Amino acid sequence: MLENNIMERLGILAESAKFDVSCSSSGVEKKNTGSIGNAAACGICHTWSADGRCVSLLKTLMSNDCVYDCAYCINRSSNDIIRTSFTPEEVAHITMAFYRRNYIEGLFLSSAIEINPNHTMEKILKVLTLLRTEHRFSGYIHVKAIPGADQMLIYQAGLLADRMSVNIELPSESSLKLLAPQKQPQKIFLPMAQIKESITRSKEEKRRYLSAPSFVPAGQSTQMIVGATQDTDRSILLTSEKLYKTFNMKRVYYSAYMPVNKGKNLPDIMTAPPLIREHRLYQADWLLRFYRFSAEEILTEKESNFDLDYDPKFHWALNNIHLFPMEINKVSYSELLRIPGIGPTSASRIVKQRQLIKVGFEDLQKMGVVAKRARYFITCNGKFFGIKSFDISSIKSAINPVPKHTQLSLF
């Protein structure tokens, strides 16, 4: 039985943990040799796995008693909230109790900075040690690496965790100085670099010795808050691109800022979270990772924010309308990826198909192309299937027509 006091604290700490969105697919597979739990290659997400299964993680903080006073954070030291903490034994006990009841399949553990970074990281490491050795738990575990903690503590945690993350929170040094002056970019980047180097070293050792220990086999991730500062979409994407290239980041997560605190440098408390902006950044992030785009291509200095009515790829295509229409049977794979409605899978199918026979417009939908979107940007065997007036306003109207009738407002 779980004590009522533990469940009350879990309610507080789990509620505080909801602002961290970087719950991620594991991307790791372990051979279960009689231990408890399993981390499957299909991945464990906060709600859904890659194969469509609904799975869950116990997502909680170790403590919400923070020594930092970050303006955007609900757990800032100056906030008048109920403060509580878990012991490592309690977190391990809750995790195993929930797993045995089939409530969860893994653990996502973060924490406010309690006392100091080393103290907090030691508690997180103790949880991992208890779960992996005493309870022999082989399920998926994602933990936070605490900036400023001793490198050895982070390394030992990385040998036991499936994934680690260090949240950058804000995309620029000026934003950090404005809202989180106690945090320094250098201290955030240091554990990122350490995790990257340790992962690389672990992979090299694995090639030589099968028994070599794995270090964070599912890689590292991070999170940025969107909308708490005046940072543009372009600056956020440039930071993400740098993180991917410099630290081999597995994922960068974007979290629409939820106004929970009042402050002169913060959005008004009644401001709605910029959810559509968050969505557009995720779409642009996809372009960086899978479509061979660069951040500077997606957004320029003149146009540094997205048109929220259109997805970033369509937005880029309209800004580069002089490159279209493209002949589907002649352009390269990289150019195919630039066409709205065509993704990596459908682009590969087109390249393979045209080695044997020319691709017709009627073939595109069978290959997975969103033909109703692509038709305005392509020709098939020299024939154009879009609209007669090939201009930006006409294409916008065709893709996103203005409704003939609108609901009248009561206010």
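## A tour from helix α3 outward

Select helices α3 and α4 first: Asn118, Met121, Glu122, Leu125, Leu128, Thr129 and Arg132 in α3 meet Leu153, Ile154, Gln156, Ala157 and Leu160 in α4. The model on screen is a predicted one. Helix α3 covers residues 117–134 and helix α4 covers residues 151–160. Their axes lie 9 Å apart and make an angle of about 25°. Because angles under 35 degrees count as roughly parallel, α3 is roughly parallel to α4. The crossing of these two helices is left-handed.

While α3 is selected, look at the spacing of its contact residues. An α-helix has 3.6 residues a turn, so residues three or four places apart point the same way.

**The whole chain**

Zoom out. The chain has 411 residues, and 49% of them count as buried. It holds 15 helices and nine strands. Of the contacts with a separation of 6 or more, 66% are between residues 24 or more positions apart. The chain exposes about 20,800 Å², and 53% of that comes from carbon and sulfur atoms.

**From α4 to α6**

Keep α4 and add α6, residues 185–208. How do α4 and α6 lie relative to each other? Their axes are 11 Å apart and the angle is about 45°, so the two helices are oblique to each other. The contact takes in Gln151, Ile154 and Tyr155 on the α4 side. On the α6 side it takes in Leu190, Pro191, Gln194, Ile195, Ser198 and Arg201. This crossing is right-handed. Ile154 of α4 appears here, and Ile154 was also on the list for α3.

**Past the end of α6**

Now select valine 216, in the loop between α6 and β5. Its phi is near 40°, a positive value in a residue other than glycine. Is valine 216 buried or exposed? Valine 216 has a relative accessible area of 0%, so it is buried.

**Helix α7**

Move on to helix α7, residues 233–247. How far apart are its end C-alpha atoms? They are 21 Å apart, which agrees with the 21 Å that 15 residues should span at 1.5 Å a residue.

Colour the buried residues of α7: Asp233, Arg234, Ile236, Leu237, Thr239, Ser240, Glu241, Leu243, Tyr244 and Phe247. Then show what they pack against: the helices α6, α8 (275–290) and α9 (295–298), along with the strands β5 (220–226) and β6 (251–256).

Next pick threonine 246, also in α7. With a relative accessible area of 34%, threonine 246 is partly exposed. Draw a distance from its C-alpha atom to that of phenylalanine 189: the value is 9.8 Å, although the two residues are 57 residues apart along the chain. Just after the helix comes asparagine 248, with a positive phi of about 50°.

**Helix α10 and the cis bond**

Select helix α10, residues 312–319. How many of its eight residues are buried? Seven are, and the helix is mostly covered. The buried ones are Pro312, Lys313, Phe314, His315, Trp316, Ala317 and Leu318. They pack against α8, α9, α14 (371–374) and α15 (392–399). Helices α8 and α9 were also among the partners of the buried residues of α7.

Follow the chain to proline 325, in the loop between α10 and β7 (326–327). The peptide bond that joins phenylalanine 324 and proline 325 is cis, with omega about -5°.

**Two last stops in loops**

Select asparagine 381, in the loop between β8 (378–380) and β9 (383–384). Its phi is near 55°, again a positive value in a residue other than glycine. Asparagine 381 has 46% relative accessibility, so it counts as partly exposed.

Finish at threonine 84, in the loop between β1 (57–61) and α2 (88–100). Which residues does threonine 84 touch, leaving out those up to four places away in sequence? They are Arg9, Ile12, Leu13, Ser63, Asn64 and Asp65. With a relative accessible area of 10%, threonine 84 is buried.

Conventions
Residues numbered from 1 in each chain as written. Predicted model: local features only at pLDDT ≥ 70, side-chain atom pairs only at ≥ 80, totals over all residues. Heavy atoms only, no water. Helix = DSSP H or I, 4+ residues; strand = E, 2+ residues; numbered from the N terminus. Buried < 20%, exposed > 50% of the residue type's maximum accessible area, 1.4 Å probe, protein only. Contact = heavy atoms within 4.5 Å. Areas by Shrake-Rupley, 256 points an atom, 1.4 Å probe, with all protein chains shown as cover. Expected span 1.5 Å × (residues − 1). Axes fitted to C-alpha atoms, helices over the stretch in contact; angles between N-to-C directions. Parallel < 35°, antiparallel > 145°, perpendicular 65-115°, else oblique. Left-handed = near helix turned anticlockwise from the far one by under 90°.
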